[in-house]
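Trainee: I'm new to this structure and would love a close look at one part of it. Could you walk me through how a pair of its elements fits together, and what surrounds them?

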Amino acid sequence: MITAAQMRAARALLGIDQKTLAEKAGVSVPTIQRMEASPGNVRGVVESLTKVVEALDALGIELIGDNAQSLAGGRGVRLREPTPPRSS
């Protein structure tokens with residue numbers, strides 16, 4: 001499963017806009033917009049979601065799920081639970 005935040009972050013890492021991702025995935029720009037506007041996990045037609053994930057993979061994006069290790073090389077980002085602030 002991919003989250004809307006992961007999709008936006010993946011595009012940012014690649015330096016591409018929604019139109020380019022839509023073209024690479026073979027889906028419409030409104031489809032990408034709806035996916036990225038989803039709260040939490042992306043919702044939509046499974047076929048469209050699969051196309052987007054496959055396009056991101058082909059472009060070099062490794063999607064990392066919760067508590068999963070990234071064993072491959074390369075740079076990336078991961079969202080973790082924020083650390084509570086320390087009291088002085």
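Which word describes how H1 and H3 lie to each other?

Mentor: Happy to help! You are looking at a predicted model, in which local features need pLDDT of at least 70 and side-chain atom pairs count only at pLDDT 80 or more, while totals for chains, interfaces and linings use all residues. Residues are numbered from 1 along each chain as its sequence is written, and side-chain values use heavy atoms, without hydrogens and water.

Let's set the scene. The protein chain has four helices and zero strands (DSSP runs numbered from the N terminus: H or I of at least four residues for helices, E of at least two for strands). From the N terminus on, the order is therefore α-α-α-α. Of the 88 residues, 25% count as buried (under 20% relative accessible area with a 1.4 Å probe, protein chains only; exposed is over 50%, partly exposed in between). Among contacts between residues at least 6 apart in sequence, 59% join residues at least 24 apart (contact: heavy atoms within 4.5 Å).

Now to your pair. The axes of H1 and H3 are 7 Å apart, and the two helices pack at an angle of about 120 degrees (axes are fitted to C-alpha atoms over the stretch in contact; angles run from 0 to 180 degrees between N-to-C directions). H1 and H3 are therefore oblique to each other (under 35 degrees is roughly parallel, over 145 roughly antiparallel, 65 to 115 roughly perpendicular, the rest oblique).

On the H1 side of this meeting you find Ala4, Met7, Arg8 and Arg11, and on the H3 side Ile32, Met35 and Glu36. By type, the residues of this contact comprise four nonpolar, no polar and three charged (nonpolar: Ala, Val, Leu, Ile, Met, Phe, Trp, Tyr, Cys, Pro; charged: Asp, Glu, Lys, Arg; polar: the others, Gly among them).

Let's turn to each helix. In H1, residues 4-14, the buried residues are Ala4, Met7, Ala10 and Arg11. Viewed down the axis of H1, these lie within an arc of 125 degrees, so they line one face of the helix (the arc is taken from the directions from helix axis to C-beta atoms). An α-helix has 3.6 residues a turn, so residues three or four places apart point the same way. The face of H1 turned away from its buried side carries exposed Ala12 and Leu13. The buried residues of H1 pack against H2, H3 and H4. Just after H1, Gly15 takes a positive phi of about 70 degrees.

H3 has a buried side too, with Thr31, Ile32, Met35 and Glu36. Down the axis of H3, its buried residues fall within an arc of 130 degrees, so they line one face. Arg34 and Ala37 are exposed on the other side of H3. H1, H2 and H4 are the helices that the buried residues of H3 pack against.

Ile32 also leads us to a neighbour in helix H2, Ala22. Ala22 and Ile32 are ten residues apart in sequence, and their C-alpha atoms are 6.4 Å apart. Ala22 is buried, with a relative accessible area of 3%. Setting aside neighbours within four places in sequence, Ala22 is in contact with Val27, Ser28, Val29 and Ile32.

Finally, the axes of H2 (residues 18-25) and H4 (residues 46-58) come within 8 Å and cross at roughly 100 degrees, which makes H2 roughly perpendicular to H4. Leu21, Lys24 and Ala25 of H2 make this contact with Lys51, Val52, Ala55 and Leu56 of H4.
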